[in-house]
Amino acid sequence: MSRRRILSAIAGIATAALAVPAFAAAPTAQAPTTTDAATFVSSYAGSPADEANTKAFYDAVMKSARAKQAKKGGSSAAVTVTYSAAAAPTFASEIAQSTQIWNNAVDNVTLVEGSDYDFNYREGNDPRGSYASTNGHGSGYIFLDYAQNQEYDSLRVTAHETGHVLGLPDHYSGPCSELMSGGGPGTSCTNPNPDAAERSKVEQLWANGLTTTGGTFKTVR
């Protein structure tokens, strides 16, 4: 498994990698066009350093969200984010269940399926395992690796990666009750639901609607 150091601490594009032993080629589907930028690194069962990197990413996104909310007087604006599951038919059930889990958990953002999408799900074999390449605020894509989804609970993996698209970092040292603890609790953990703190963070991040920041799309392995 490989890691890179965090390249930026500004809000924008991030990659949350779920690392597993190498298997086959990377996905070939095209990423959605975006102009947002920033990067962080994580893996499904990562190190303390990886966790610190994702926390730095989250802190930057949260700082930006709070600044925008304060500028608009703290007003709340619910947002609909559209996704496509067309490129991940094997995981159609897990995707539908994970998006419903998040829709039931939070009010400020709603995930709906559609062809004109903000982010999409993909499937295949990838040496990085499953991961999200995202700005942490609704754009990018989620890749679901076949092998890793056999090793770990597939619904938890899918809901976890969706959490990254909504702006949450990894917290490997957390218990199974935390969705973003990822593979930290081990393969026996099957909890697909965010806890109260994770739900609260997403609500805060989306309290001012969808953020847009200029920059260049980046993916970090």
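1. Let's start with C176: in this predicted model, the residue is partly exposed, with a relative accessible area of 27%. That value places C176 in the middle class because it lies between the 20% limit for buried and the 50% limit for exposed.

2. C189 makes a nice counterpart. Its relative accessible area is 5%, so C189 counts as buried, the cut-off being under 20%.

3. These two cysteines belong together: C176 and C189 form a disulfide, with 2.0 Å between their sulfur atoms. The structure holds 1 disulfide. As for where the partners sit, C176 and C189 are each found in the loop between α4 (154-165) and α5 (196-205). They are 13 residues apart, and the pair links distant parts of the chain.

4. You may like to check the handedness of this bond. The torsion about the S-S bond of C176 and C189 is about 90°, and the disulfide is therefore right-handed.

5. Now over to S84, which you will find in strand β2, spanning residues 79-87. With a relative accessible area of 11%, S84 is buried, because the class takes in values under 20%.

6. The surroundings of S84 deserve a look too. Its side chain reaches the backbone nitrogen of A86 at 3.3 Å. Setting aside neighbours within four places in sequence, S84 is in contact with G114, Y117, F119, N120 and Y121.

Definitions and conventions. Residues numbered from 1 in each chain as written. Predicted model: local features only at pLDDT ≥ 70, side-chain atom pairs only at ≥ 80, totals over all residues. Heavy atoms only, no water. Helix = DSSP H or I, 4+ residues; strand = E, 2+ residues; numbered from the N terminus. Buried < 20%, exposed > 50% of the residue type's maximum accessible area, 1.4 Å probe, protein only. Polar contact = N/O pair within 3.5 Å; in protein donor to acceptor, adjacent residues only side chain to side chain. Contact = heavy atoms within 4.5 Å. Disulfide = S-S within 2.5 Å.
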